[in-house]
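Biologist: I am new to this structure and would be grateful for a close look at a single part of it. Please take one strand and describe its surroundings in a connected account.

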Amino acid sequence: MLSNVVNSSGFRPFNHCLLSWIRTTAASRPHYLIQQPAFRFKFSRSWSSVPFITVPLSRTRGKPFAHRSELKHAKRIAVKLGSAVVTRGDECGLALGRLASIVEQVSVLQTQGREMMLVTSGAVAFGKQRLRQEILLSQSVRQALHTGQNQLKEMAIPVLEARACAAAGQSGLMALYEAMFSQYSICVAQILVTNLDFHDEQKRRNLNETLSELLRMNIVPIVNTNDAVVPPAEPNSDLQGVNVISVKDNDSLAARLAVEMKTDLLILLSDVEGLFDRPPGSDDSKLIDIFYPGDQQSVTFGTKSRVGLGGMEAKVKAALWALQGGTSVVIANGSHPKVSGHVITDVVEGKKVGTFFSEVKPAGPTVEQQGEMARSGGRSLATLEPEKRAEIINHLADLLTDQREEILLANKEDLEEAEEQGRLAAPLLKRLSLSTSKLNSLAIGLRQIAASSKDSVGQVLRRIRLAKDLELEQVTVPIGVLLVIFESRPDCLPQVAALAIASGNGLLLKGGKEATNSNRLLHQLTQEALSLYGVKDAVQLVNTREDVENLCRLDKLIDLIIPRGSSQLVRHIQKAAKGIPVLGHSEGICHMYIDAEACPDKVTRLVRDSKCEYPAACNALETLLIHRDLLRTPLFDMVIDMLRVEQVKIHAGPKFASYLTFSPCEVKSLRIEYGDLECCIEVVDSVQEAIDHIHKYGSSHTDAIITENEETAEYFLQHVDSACVFWNASTRFSDGYRFGLGAEVGISTSRIHARGPVGIEGLLTTKWLLRGREHIVADFSENGPLKYIHENLPISHRNNS
């Protein structure tokens, strides 16, 4: 039976049974030390909040992962904790909060079935703290009295030898890890190594066998160099080939251990975000997302960290050595309080964290390079004359009709593949499908955009004369670089591209993989049109394996994200966006209120068009509100019969259900966007109750009233707080093309910047232009010679593009 007695130091004593087993196993391993801490059978902890993985944890041994998205398949993972991660800022003592967070993440991954190993620093820092305390405590009372209190405070502490600090701190460091991991019912084992343990074949084999046995028993090995006895590393002896390595620091040790144990992934945690092309903090330094062998010449390395032995150059060498040995590597920040709490799990989930080392270079540009190309191309596009931007869009419209057969053929391939795989529901298949009529409508919409683009960029909105010869103008300018993420609908691509061209914005497009062939061809046609004036880089199609979450982290490259798709997609983007504004709508819960004074001849036509024509659209009717006086009337029966003929499944609202003896099943929620041939019906007593219902359960997208009473209609139009409010019109009119905007990048339900269908105007912002003649603010002081006029001037119709 295992002992659970706590000793005076606050930690549990060793489990002698398990310790004797390890001693027996390691009898022939004299050059590395194994310490087995207490082990408890404590498996009652609830892991209901842990995101258990559902992907297989396996890969081809000896071959590193080519892409970040594959890291979720990593089975065996080594995590190296640098000195700057483990130690406090004063270099004396441990950063307990960071350590606790790291232990929790490692425990979560271990519980998922992965095999976790830690390579840790910290013994020297912990020992330094303990020895300093001992030195101060060893001062005699007589010496303290003799020196005086003030001199005692200023007493110099001698420089402590690192080996002595390591010897004093190692046991305490391990006891701390033991206590932390025990909270997750995870057992740990300590292994101290020296360089000799890797160079001697028998010792290396013994080390491998011991680590393998510990991993097999679901124990987390904690490895460190035996700093109490290790000699200084020989110069230039580090990382000379796959089979030779000098363990001069924990970066080298982690790389050597990762290759020796055939780990799938090595995570090197430091106090910087990853590898930069030049020292972090210097002007124009950029974080390198993916680093490939041979790219060392493009990097300028800085100094070492405040406490570490290696520095970034040593980490890169270790990472490349491990990559050559078949282990994937990520260098990331483990000390920043905002990211350290999830950095390890983020890396394993394939998120864009730190620098990922890969042997496979992509055929095309990276998404960061595409963002820079879109930025540069967009700025060139914005300086073109409006007529040239319109010509580009008109040429794209011509290409859509001229290349109709090629487009439909590519779309047919997408449809056939989607149907074979069965991954799309019928409404989404309809969205994916292109037709001759759709392409014709697209071309018409693009020509509308071209016509309106002549009055977009560079238009003067306001002119003010501040003083004599000092005039201020407010003019329209592009937002910058847009990221538009869309699902299924390939017709979005030319629509959004045309709006971006008209507004002078750079554009990154991320379409769904179900429309790969259609999107690729449509993007080629877009770039062909842009090539008329040498700005083809302004519109980029992201074809890399980048996840949407990773794209949403590019806050230095993207100025606005516009998701086009389901409400689930929009919410996902809004949650994932890191510092980038998101222009999108929530659910398209659109209402139609049938007033007591509605015309029967209009009701069925409006309801049918709103609900049945295209139920998957975000502007389709989802909730039908009916005035109580219309129940059991011919008009009500006509509506119900029409919905049944159209095979619309009816859900009853609470009040509607209470009126009927036999009714459809009561709706689970009044906040549902069905996106299909389903509809909720609810009863209200008045137009005010209808408005209140819409405000409580709607999504501020599009709501309509059917009535012949003009006063009631105007009351509804003025009091419903939605982006689009209609009278005697189908909700399906909520569309950029139908509004005469040519198209829209999306329908916004937010209340900032743009609302409703977002056309060219919604993709513009403003800047201020001030023209003076050596004016200075001091001249406008209280005793200065000049005074402000602030005279509004007429707006000229010239374009400043």
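Modeller: The account below concerns one strand, S6, and then turns briefly to two helices elsewhere in the chain. Please bear in mind throughout that this is a predicted model.

Strand S6 covers residues 265–270, and 6 of its 6 residues are buried, so the strand is largely enclosed by the rest of the structure. In a regular strand, side chains alternate between the two faces of the sheet. Here, Leu265, Ile267 and Leu269 point one way from S6, while Leu266, Leu268 and Ser270 point the other way. The residues of both sets are buried.

S6 has pairing partners that can be named. One is strand S2, residues 76–81, which pairs with S6 in the parallel sense over 5 bridges. Another is strand S8, residues 328–333, and here too the pairing with S6 is parallel, over 6 bridges. Leu269 takes part in both pairings: Leu269 is the bridge partner of Leu81, and its own bridge partner in S8 is Ala332.

Two helices may be set beside this strand. Helix H18, residues 492–503, contains Leu493, which is buried because its relative accessible area is 0%, under the cut-off of 20%. The C-alpha atom of Leu493 is separated by 9.5 Å from that of Val745, although the two residues are 252 residues apart along the chain.

Helix H15, residues 404–421, holds Glu416, a partly exposed residue with a relative accessible area of 37%. Together with Glu413, Glu417, Glu419 and Glu420, Glu416 forms a negative surface patch.

How values were computed
Residues are numbered from 1 along each chain as its sequence is written. This is a predicted model: local features need pLDDT of at least 70, side-chain atom pairs count only at pLDDT 80 or more; totals for chains, interfaces and linings use all residues. Side-chain values use heavy atoms; hydrogens and water are left out. Patches are made of residues with over 30% relative accessible area and no salt bridge: like charges are joined within 9 Å, nonpolar side chains (Val, Leu, Ile, Met, Phe, Trp, Tyr) within 5 Å. Accessible areas come from the Shrake-Rupley method with a 1.4 Å probe; for residues, only the protein chains shown count as cover. A salt bridge is a side-chain nitrogen of Lys or Arg within 4 Å of a carboxyl oxygen of Asp or Glu. Lys and Arg count as positive and Asp and Glu as negative; His and the chain ends are not counted. The place of a charge is taken as NZ of Lys, CZ of Arg, CG of Asp or CD of Glu. Helices (H or I, at least four residues) and strands (E, at least two) are DSSP runs, numbered from the N terminus. Buried means under 20% relative accessible area, exposed over 50%, partly exposed in between (1.4 Å probe, protein chains only). Two strands pair if DSSP finds at least two bridges between them.
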